[in-house]
Amino acid sequence: MRISSRILWTAMAGVAAVVIATAGMTAVSAQAPAGAPPQHGFGTGRGGPGPLSMLQQLNLTDAQREQIRGIMDERRPDQATGRKMGDLQHQLTVAIFADTPDTAQIEQLKASIAEAEAAALAGRVDTELRIAQVLTPDQRQKARDLPPPGPGRGRGRM
């Protein structure tokens, strides 16, 4: 099975966004300064128009924040996917730079990485679809009107 580099980069960017978003939510909600209003886990994340800062721009109600927090909490177990992909990437690097590279092993690792990335992308899309259903029609329109994330701004090539 061959996967184009565009699909591969898109899947990798999606996985990175999920990992960053999940880590960012935890960091933001755990490190709010004393006396600051509660962020409900929806801060700016790592400073780009990623999923967290996009949600912040939509003027969510407290009820919407709670619903979205629940959706995101359900995705937290998928952090294992990020660790698995990191391990697979490391194995691939080791295999590539071996004194005698095993092309069969490299091909198997490539297929495993592509499979894990596709699963992560599917999970991210499912989560975003569920979050979109929590938003009002006006909020969804505003989300569509936000500038698209680009390289160095949340999603995209690294």
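How many residues apart are E107 and K110 in helix α5? They are 3 residues apart, which places them about one helical turn from each other, and in this predicted model the pair forms a salt bridge whose closest N and O atoms are 3.0 Å apart.

## Overall architecture

The secondary structure of the protein chain consists of 6 helices and 0 strands, so that the order of elements from the N terminus reads α-α-α-α-α-α. Of the 158 residues in the chain, 30% count as buried, while the exposed surface comes to about 9900 Å², with 57% of it supplied by carbon and sulfur atoms. When contacts between residues at least 6 apart in sequence are considered, 69% of them join residues at least 24 apart.

## Helix α5

Helix α5 covers residues 103-134, and because its 32 residues at 1.5 Å a residue should span 46 Å, the 47 Å separating its end C-alpha atoms agrees with expectation. The N-terminal end of α5 is capped by D102, which has a side-chain oxygen 3.1 Å from the backbone nitrogen of A104. Buried residues of α5 include I106, L109, I113, A120, T127, I131 and V134, and polar or charged members of the buried set are found in the helix as well, among them E117 and R124.

## Salt bridges within helices

A search of the whole structure finds 5 salt bridges, including the E107 and K110 pair of α5, in which E107 is partly exposed at a relative accessible area of 45% and K110 is partly exposed at 41%. Also in α5, the side chains of R124 and E128 meet in a salt bridge of 3.1 Å, N to O, with 4 residues, about one turn of the helix, between their positions. In this pair R124 counts as buried, at 12% relative accessibility, whereas E128 counts as partly exposed, at 29%.

Helix α3 contributes another salt bridge, between the side chains of E66 and R69 (2.5 Å, N to O), which are 3 residues apart and therefore separated by about one helical turn. E66 is partly exposed with a relative accessible area of 43%, and R69 is partly exposed with 22%. In general, an α-helix has 3.6 residues a turn, so residues three or four places apart point the same way.

## Links between α3 and α5

R75 belongs to helix α3, which comprises residues 62-75, and counts as buried because its relative accessibility is 12%, under the 20% cut-off. The side chain of R75 is joined to that of T127 by a polar contact of 3.0 Å, and T127 is one of the buried residues of α5. Elsewhere, the C-alpha atoms of E128 and I71 are separated by 9.2 Å, although these residues are 57 residues apart along the chain.

Definitions and conventions:
Residues are numbered from 1 along each chain as its sequence is written. This is a predicted model: local features need pLDDT of at least 70, side-chain atom pairs count only at pLDDT 80 or more; totals for chains, interfaces and linings use all residues. Side-chain values use heavy atoms; hydrogens and water are left out. Helices (H or I, at least four residues) and strands (E, at least two) are DSSP runs, numbered from the N terminus. The expected span of a helix is 1.5 Å times one less than its number of residues. Buried means under 20% relative accessible area, exposed over 50%, partly exposed in between (1.4 Å probe, protein chains only). A polar contact is a pair of N or O atoms within 3.5 Å; within protein, one must be able to donate a hydrogen and the other to accept it, and residues adjacent in sequence count only if both atoms are side-chain atoms. Contact means heavy atoms within 4.5 Å. Accessible areas come from the Shrake-Rupley method with a 1.4 Å probe; for residues, only the protein chains shown count as cover. A salt bridge is a side-chain nitrogen of Lys or Arg within 4 Å of a carboxyl oxygen of Asp or Glu.
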